[in-house]
Amino acid sequence: MRTLATVYAVLFYGFIFLPVAVLVLFSFQGTLFPIPPFNGPSLRWYGAVLGDARLTAGLVNSVILAVVTSALATLMGFLAAWGLARFHLPASALIRGLITLPLAVSYLIIGMGLLILFNQIGIPKSLAAAGIGHVVINLPLCFAIIYSQMGAQQANIERAARDLGAGEIKVLLLVTAPMLWPALFAAFFLAMTFSWDEFVITFLLTRFETTLPVEIWNMLRAGLNPKTNAVGALVFGVSVLLAIVFEIVAFRKRPA
C-alpha cells in the first residue's frame, strides 16, 4: 500500500511540475531553439531578457504593481477585518459575504466588469486601472486571512490598553497591528504572489504600460522565442520565493 501511494505521489507531482522543470531547464539552453538535446548551461537568454527594454519595463511594472496593490489590499483588508470583528454592525454577516464574494467570481468577469465601468466613468486603460483591479481581487483574500486571526485574546488586550488611557488610533497602531503582524505579512506576500502572476485583468485594463505576464503573452503570439523560457523561469522563481515567504510567516510555529 505504501509503495502504491509513493508511485501515485511521484506521478501526481511529476504531472504537475514536469512542464515547469522542462521550462526552467531549457531556459539555460544555449542554442536558438529550445529543443533537445540540451546544450548548456548558458545564461544567454537571461542576458537577452535583461537587455530587452520592453521586458525590463514590464518587469518593473509588475514589481511596482504587486507591491503597491498588495499593500493597499492588506491595509484595506486589515481595517475591514478590524471594524467587523470589533464592532457590532448591522448585517455584518452580509457585509463579510460581499467583501469575500470576488473570491468566487471569475477574474475574466471581474476584468470585463471593471472595463465596462471604467469606460462609463472615463477612466482610461492604464497601469493604475489595472492596479484597481488587482486590489479588487486581492482585498477579499487579505480580509479573510486577517479576520480569521482576530480572536478574543487580542480583543482583551485592546480593552486593557483602552483602560490604561490609549486612544482608538493608538490601540489600532500600537496594539492590534503588532499582534497581527504574521497575518498581515502573510496576506501581503500572498497578495503579491497573485498580483505578480495576474494576466487577465491586467491584459483587459492596460494599453501601453503592461506587466511581465502580458509581455510574455505578446512574445508567445509572435511565435517560438527562446527568451520566453528564461522570462517564464524568472516569473516562476519569484512566485516560488513569495510562496515560501508566505509559508514561513503564516504557518511557522509560534513560541508557547
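Across the whole of this predicted model, a search for aromatic pairs finds eight of them. To look at one of these, select Tyr8 and Phe12, whose ring centres lie 6.1 Å apart with the planes at 20°, so the pair is stacked. Both residues belong to helix α1 (residues 2-26), where they stand four residues apart and are thus separated by about one helical turn. If you colour the selection by accessibility, Tyr8 counts as exposed, at 57% relative accessibility, while Phe12, at 39%, counts as partly exposed.

Next, move along the chain and select Phe188 together with Phe189, where the ring centres are 5.4 Å apart and the planes meet at 75°, so this pair is edge-to-face. Phe188 and Phe189 are both buried, and it may help to hide the surface before turning the view towards them. Keep these two selected and add Trp181 and Phe185, since the four residues Trp181, Phe185, Phe188 and Phe189 form one aromatic cluster.

The tour now turns from rings to charged side chains, where the structure holds three salt bridges. Begin with Arg54 and Glu215, and display the distance between their closest N and O atoms, which is 3.0 Å. This pair links distant parts of the chain, with Arg54 in helix α3 (residues 53-86) and Glu215 in helix α11 (residues 212-221), 161 residues apart. Is Glu215 buried or exposed? With a relative accessible area of 5%, Glu215 is buried.

For the next stop, select Arg86 and Glu158, which form a salt bridge with their closest N and O atoms 2.7 Å apart. Arg86 lies in helix α3 and Glu158 in helix α7 (residues 152-163), so the pair ties together parts of the chain that are 72 residues apart in sequence. Arg86 is buried, as is Glu158, and the relative accessibility of Glu158 is 0%.

Leave Glu158 selected and add Arg162, because a salt bridge also joins these two residues, here with the closest N and O atoms 4.0 Å apart, and the cut-off for such a bridge is a distance within 4 Å. Arg162 and Glu158 both lie in helix α7, four residues apart, which is about one turn of the helix. Arg162 counts as partly exposed, at 30% relative accessibility, whereas Glu158 counts as buried. As a last step, show Arg86, Glu158 and Arg162 in a single view, for salt bridges that share partners join these three residues into one network.

Terms used
Residues numbered from 1 in each chain as written. Predicted model: local features only at pLDDT ≥ 70, side-chain atom pairs only at ≥ 80, totals over all residues. Heavy atoms only, no water. Helix = DSSP H or I, 4+ residues; strand = E, 2+ residues; numbered from the N terminus. Buried < 20%, exposed > 50% of the residue type's maximum accessible area, 1.4 Å probe, protein only. Phe/Tyr/Trp six-rings, centres within 6.5 Å; stacked < 30°, edge-to-face > 60°.
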